[in-house]
Amino acid sequence: MTDKEAKAFYNSKAWKDPATGKRIEILKRDHFECQDCRRRIADAKANGIKLIGEDLKIRRAEEVHHIEELKEHPELALDDNNLISLCTQCHNKRHGRYQFRFIKKKKRLTEERW
């Protein structure tokens with residue numbers, strides 16, 4: 001599948017329609033909860049690991065991820081077993097897109113001049 005075909009799929013009524021589209025169907029199936037966040041908490045509990053802060057939260061799922069990539073397996077595009085609800089952070093992790101925070105460097109009070 002080419003990039004153009006993938007874009008056409010993601011804009012199609014079968015995927016995007018708010019009433020009957022597969023995307024909203026999967027989000028409803030998973031109760032709009034990120035499945036990676038849910039798994040992280042369950043794994044920590046099973047292994048006796050204590051989580052703190054943001055790691056304790058199950059974030060709201062906004063994305064639907066194809067487990068087997070759409071471009072390599074277009075036949076699985078609308079297969080329920082190939083789709084999972086994820087929050088934006090977990091979806092970015094799965095695709096190797098990490099969000100970095102930019103921290104401004106503090107200006108020195110006096111500039112050294114040698």
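Which residues make up the largest nonpolar core of the chain? The views below take up this core and its surroundings in a predicted model.

**View 1. The whole chain of the predicted model, from the N terminus on.** The chain has five helices (DSSP runs of H or I, at least four residues) and two strands (DSSP runs of E, at least two residues), both numbered from the N terminus, and these elements follow one another as α-α-α-α-β-β-α. Residues are numbered from 1 along each chain as its sequence is written. Local features need pLDDT of at least 70 and side-chain atom pairs count only at pLDDT 80 or more, whereas totals for chains, interfaces and linings use all residues, and side-chain values use heavy atoms, with hydrogens and water left out. The pLDDT, which is the predictor's confidence in each residue from 0 to 100, averages 89 over the chain, and 86% of the residues score at least 70.

**View 2. The largest nonpolar core.** A nonpolar core is a set of buried Ala, Val, Leu, Ile, Met, Phe, Trp, Tyr and Cys residues joined through side-chain atoms within 4.5 Å, where buried means under 20% relative accessible area with a 1.4 Å probe, protein chains only. The 11 residues of this core are Ala6, Phe9, Trp15, Ile24, Ile26, Leu27, Ala61, Val64, Leu70, Ala77 and Leu83. Helix 1 and helix 3 (22–29) are the elements that give two or more residues to this core, and the largest share, three residues, comes from helix 3.

**View 3. Phe9 and its contacts.** Phe9 lies in helix 1 (residues 3–10) and counts as buried because its relative accessibility is 13%. Leaving out residues up to four places away in sequence, Phe9 is in contact (heavy atoms within 4.5 Å) with Trp15, His66, Leu70, Ala77 and Leu78. Although Phe9 and Leu70 are 61 residues apart in sequence, their C-alpha atoms are 9.5 Å apart in space.

**View 4. Helix 4 and what covers it.** Helix 4 (residues 35–47) has 13 residues and reaches 18 Å from its first C-alpha to its last, close to the 18 Å expected at 1.5 Å a residue, a span taken as 1.5 Å times one less than the number of residues. Its buried residues are Gln35, Asp36, Cys37 and Ala44, and their cover includes strand 2 (83–86) and helix 5 (88–94). Just after helix 4, Gly48 takes a positive phi of about 70°.

Key. Buried < 20%, exposed > 50% of the residue type's maximum accessible area, 1.4 Å probe, protein only.
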